Amino acid sequence: MFSSRTAIGHKSASRVWNASTKIQNRLISISPAAVQKTNPNSNSNNEIISKKYKFSYETAKNKSIQNSHLSIPNNKFDFANYNNNNNDDEITEENAKLIPSIVSLHARLQLSPDYKYSTLVKSLSCPIDSNSNFNNQQLSIFGSHILSFYVSEYLLTNYPRLPISILKSTIDSYIGNFSLYDIAKNSWGIDEDSTSKLEKYLSNEPELFKFGRLRFIKKVTKPESNIIKYSNSINNPFELSKSEAFANSVRSIIAGLYIHSGEESAKNFINDHILSRQVDISSVFDFKEPGKLLTRLLKTNNMLSPTVRLISETGRLSNSPIYVVGCFSGNDLLATGEGSSLKEARVRSFVRALKAWYLYKPLDAKVPSDSNFNGMFVDDGEKFY
Amino acid sequence: MVGVNFIQQVSRARNGVGAFVLPCKRITITYCNFGGSSQGTRDFLRQRLPKFAKQYPEVEFRVLEKPGKHPVLKGEYTTPNTFTSENGDTIKQICVRKWNIDIVENKLKLLINSSGKKLSKPKHTVISTNPSVRGIWSPFYVDPNHRYKI
């Protein structure tokens with residue numbers, strides 16, 4: 001029944017290694033916190049892609065606050081004490097305490113008593129016009145920096161061998177717009193202010209209560225039926241998509257936590273609310289030609305090129321055979337793979353061997369912001385591009 | 001990296017791993033100011049509501065007068081995709097017609113402690129999003145001497 005170990009020929013890499021263009025056209029938006037001003041003259045597709053390709057550090061340049069309005073603390077690293085001086089239309093702390101949804105959100109997130117209710121109100125107000133400074137724009141930029149720092153340090157230390165594209169995609173799956181939208185809407189219970197002014201008037205609701213919900217100008221992607229759009233150029237720069245607005249509120253709340261309660265509690269909050277969520281990193285990988293990649297990987301690590309050997313099989317002559325093959329480098333078994341054909345089993349063993357390498361996780365990894373961090377190798381895995 | 005593409009994911013919530021956020025975010029109590037069926041609810045509003053609401057700061061309480069209607073307790077939840085109201089929020093409603101003050105309080109506790117999900121009989125003893133620790137069973141785990149010969 002069991003054949004002796006038979007070597008299945010492993011095709012040598014003969015085709016030219018093509019740089020896949022898909023990777024360059026990645027649409028990652030780690031923090032589109034700042035208002036994106038679109039240039040009406042440029043309509044080419046590349047232009048749009050490069051605009052969406054934004055990381056937190058890029059948005060920092062895009063600040064819309066004048067230096068004269070900014071009071072900078074003596075210690076410039078004291079990020080919590082930068083202040084905007086002309087906050088004339090700010091909601092006072094007393095008024096913020098009167099809004100029930102703000103008070104209950106404060107309690108639901110178990111924020112410390114130092115955390116001001118007015119900051120929470122500010123976090124829920126997205127920029128609506130250029131006259132008012134009372135919005136979460138600056139807060140959300142600050143928050144996205146904090147988030148990307150803590151999430152990337154966690155991933156870099158826990159999975160030091162992840163390729164850069166996978167790393168960025170994984171960071172995005174923790175703190176991208178859609179994940180943060182899910183946090184804001186489906187676990188923190190932030191409401192969106194979708195009622196019209198007439199409805200507010202009719203419902204007899206106090207004027208103050210509108211600040212308890214997330215306020216933003218909704219981006220209209222599809223015009224209503226029977227409405228013809230004539231002009232492309234009129235774009236409100238303050239328009240936000242729903243997910244972006246909710247995500248910015250989460251970023252701002254985290255920035256507020258840093259400001260009021262300090263770095264340590266912001267870190268713990270991110271650990272509890274963001275990094276505790278489930279992301280299956282092994283299913284992020286999508287290998288095009290796993291055999292070739294494994295050959296190259298072994299070569300750069302001075303190991304023998306992969307050999308696939310049949311370990312066991314059943315029902316070769318039936319309609320549902322199963323083969324179990326092992327992927328070996330010399331005498332070392334890298335991974336096994338099972339499948340209903342020899343080819344399927346072979347490819348599966350390659351993919352598992354690659355994932356076993358890339359998803360290496362050190363035991364009890366310390367992140368750089370921990371006090372007892374001793375330094376480590378990062379990105380040891382990516383020796384070729 | 002060349003040869004490695006990615007499949008974008010969205011992280012999945014695991015409430016209680018790390019932080020626990022109470023799913024119930026809002027309770028709306030509607031009552032009639034004269035009807036006999038609202039007697040127990042009115043008693044609750046007068047005597048116990050301030051103290052009760054203080055015990056649950058996570059929940060926003062709303063009181064709504066609806067003359068001529070039976071009293072209803074409505075809970076709104078953050079949990080998505082179950083019973084939904086007009087604005088897409090998950091809700092659960094309990095009619096407390098003719099119930100006395102203690103039952104009204106217990107029903108409120110029931111609403112607050114609920115996850116907002118529809119009640120259903122669990123089909124599996126363990127429900128988890130994690131992959132199995134044991135892995136997938138394979139016919140090769142069986143001792144070769146006891147295997148069925150094809």
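Here are some exercises, with worked solutions, on a predicted model of chains A and B.

**Exercise 1. Get a feel for the model's scores and for chain A as a whole.**

Start with the scores: the model comes in at ipTM 0.87 and pTM 0.82. For chain B, pLDDT averages 88, and 91% of the residues score at least 70. Keep in mind that where pLDDT is low, the predicted coordinates should not be read in detail.

Next, take stock of chain A. Its secondary structure comes to 13 helices and nine strands, and 34% of its 385 residues count as buried. Now look at contacts in chain A with a separation of 6 or more: 64% of them come from residues 24 or more positions apart.

**Exercise 2. Check the length of helix α6 of chain A, then work out whether the helix is enclosed or not.**

Step one is the length. Helix α6(A) covers residues 137-158, which makes 22 residues. At 1.5 Å a residue, counting one less than the number of residues, the helix should span 32 Å, and its end C-alpha atoms are indeed 32 Å apart, so the two agree.

Step two is burial, where a residue needs 20 or more other C-beta atoms within 10 Å of its own. In α6(A), 16 of the 22 residues pass, so the helix is largely enclosed by the rest of the structure.

**Exercise 3. Find out which part of domain 1 of chain A meets domain 2.**

First, the bounds: the assignment splits chain A into domain 1 (45-224 + 234-283) and domain 2 (285-385). Their contact takes 15 residues from domain 1 and 19 residues from domain 2.

Then ask which elements give two or more residues on the domain 1 side: they are α6 and α7 (164-175) of chain A. The largest share, five residues, belongs to α6(A). By class, this side of domain 1 has nine nonpolar, three polar and three charged residues.

**Exercise 4. Describe the surroundings of helix α8 of chain A.**

Begin with the count: ten of the eleven residues of α8(A) (residues 177-187) are buried, so the rest of the structure largely encloses this helix. Among the buried ones are L180(A), Y181(A) and I183(A), along with D182(A) and K185(A).

What do they pack against? The buried residues of α8(A) lie against α7, α10 (242-261) and α11 (263-273) of chain A. To finish, look just past the helix: G189(A) follows α8(A) and has a positive phi, near 70 degrees.

**Exercise 5. Place strand β2 of chain B among its neighbours.**

Burial goes first again: seven of the eight residues of β2(B) (residues 24-31) are buried, leaving the strand mostly covered.

Now the pairing. β2(B) runs antiparallel to β4(B) (residues 72-77), with six bridges, and parallel to β3(B) (residues 60-65), also through six bridges. T28(B) is a handy marker here: its bridge partner in β4(B) is K74(B), and in β3(B) it is R62(B).

**Exercise 6. Work out how chain B meets chain A.**

Count contacts to begin with: 34 residues of chain B touch 54 residues of chain A. On the chain B side, strand β1 (residues 4-6) gives the most, with three residues. By class, that side has 17 nonpolar, eleven polar and six charged residues.

Then follow β1(B) across to chain A. The strand pairs with β6(A) (residues 285-287) in the antiparallel sense over three bridges. One bridge to find on screen has F285(A) partnered with F6(B).

Definitions and conventions: Residues are numbered from 1 along each chain as its sequence is written. Chains are lettered from A and ligands numbered from 1 in the order in which they are written. This is a predicted model: local features need pLDDT of at least 70, side-chain atom pairs count only at pLDDT 80 or more; totals for chains, interfaces and linings use all residues. Helices (H or I, at least four residues) and strands (E, at least two) are DSSP runs, numbered from the N terminus. A residue is buried if 20 or more other C-beta atoms lie within 10 Å of its own, exposed if 12 or fewer, and partly exposed in between; C-beta atoms are placed from the backbone. Two residues are in contact if their C-beta atoms, placed from the backbone, lie within 7 Å. Ala, Val, Leu, Ile, Met, Phe, Trp, Tyr, Cys and Pro count as nonpolar, Asp, Glu, Lys and Arg as charged, and the others, Gly among them, as polar. Two strands pair if DSSP finds at least two bridges between them. pLDDT is the predictor's confidence in each residue, from 0 to 100. Domain bounds come from an automatic or database domain assignment.
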